[in-house]
Amino acid sequence: MTHHHDRDRGGHTGWCARDHQCGLGQHRATPVRLAIPGLGGAVLTRIRTTDGTEHAEIRLSIRLHPHEPTARDQLATLLANLRTLLHLTHHHRPHRRVA
Ligand SMILES: [Zn+2]
């Protein structure tokens, strides 16, 4: 992985995995996987989209309780925590832009 240049002539980022998706103007890093046996797992991928903005794409799989309404409660808990996660990540910016 290179650190001295953020992009090369192809417009790739230093973390780009350089797979076929680059041809579509989107750059994707090699996914980082997290697995917790019995609970579920997550796959996190850093992406630069065609408009130049960067995103963390997360695919999350969490085992649900086999019975209602426990499974539904778990989903509600999950949604609430995803909202918290979005806010936490958004506010954690050491180089905040000064409008
Ligand atoms: Zn690329």
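# A tour from the hairpin outward

Start by selecting Gly-52, which sits in the hairpin of β3 and β4: this hairpin has 5 residues between the strands, and Gly-52 takes a positive phi near 90° there. What you have on screen is a predicted model, so keep an eye on the confidence colouring as we go.

**The whole chain**

Zoom out for a moment. You should be able to pick out 1 helix and 4 strands, and walking along the sequence you'll meet them in the order β-β-β-β-α. Colour by pLDDT next: the chain averages 86, and 83% of the residues score at least 70. Among the elements, strand β1 (residues 27–28) has the lowest mean, at 93, while β2 has the highest, at 97.

Now select residues 1–9. Here pLDDT stays under 50, and the model has 9 contacts beyond four places in sequence for this stretch. Where pLDDT is low, the predicted coordinates should not be read in detail. Let's move on, then.

**β3 and β4**

Go back to the hairpin where you began and show both strands, β3 (40–48) and β4 (54–62). They run antiparallel, with 9 bridges joining them. Want a couple of pairs to click on? Try Ile-47, whose bridge partner in β4 is His-55. Then try Ala-42, which stands opposite Leu-60 in β4.

While β4 is selected, ask yourself: is it buried or in the open? Of its 9 residues, the number buried is 0, so β4 lies largely in the open.

**β2 and its turn**

Next, select β2 (32–36). This strand pairs with β3 in the antiparallel sense, over 5 bridges. Click Ile-36 and you'll find it opposite Gly-40 in β3; click Ala-35 and its bridge partner in β3 turns out to be Gly-41. As for cover, the number buried among the 5 residues of β2 is 0, so this strand too lies largely in the open.

β2 and β3 form a hairpin of their own, with 3 residues between them. Pick Gly-38 in that turn: its phi is positive, about 90°. Pro-37 is also worth a click, in the loop between β2 and β3. How many other C-beta atoms lie within 10 Å of Pro-37? There are 6, so Pro-37 is exposed. Now draw a distance from the C-alpha of Pro-37 to the C-alpha of Arg-63: the two are 26 residues apart in sequence and 9.9 Å apart in space.

**β1 and the segment before it**

Select β1, residues 27–28. Its pairing with β3 is antiparallel, over 2 bridges. For an example, click His-27 and look across to Arg-48 in β3, which stands opposite.

Step back along the chain to Arg-18, in the segment before β1. Most residues other than glycine have a negative phi, and most peptide bonds are trans. Arg-18 goes against the first of these habits: it has a phi near 55°, a positive value in a residue other than glycine. Arg-18 has 14 C-beta neighbours inside 10 Å, so it counts as partly exposed.

**On to the helix**

Jump to the loop between β4 and α1, where Pro-69 is found. What is the peptide bond from Glu-68 to Pro-69, cis or trans? That bond is cis, with omega near 0°.

Carry on into helix α1, residues 70–91. This helix has 22 residues and reaches 32 Å from its first C-alpha to its last, close to the 32 Å expected at 1.5 Å a residue. α1 is hardly covered, with a count of 0 for buried residues among its 22.

**One last look**

Show the whole chain again. Of its 99 residues, 6% count as buried. Contacts tell you something too: of those with a separation of 6 or more, 9% are between residues 24 or more positions apart.

Note on methods
Residues are numbered from 1 along each chain as its sequence is written. This is a predicted model: local features need pLDDT of at least 70, side-chain atom pairs count only at pLDDT 80 or more; totals for chains, interfaces and linings use all residues. A residue is buried if 20 or more other C-beta atoms lie within 10 Å of its own, exposed if 12 or fewer, and partly exposed in between; C-beta atoms are placed from the backbone. Two residues are in contact if their C-beta atoms, placed from the backbone, lie within 7 Å. pLDDT is the predictor's confidence in each residue, from 0 to 100. The expected span of a helix is 1.5 Å times one less than its number of residues. Two strands pair if DSSP finds at least two bridges between them.
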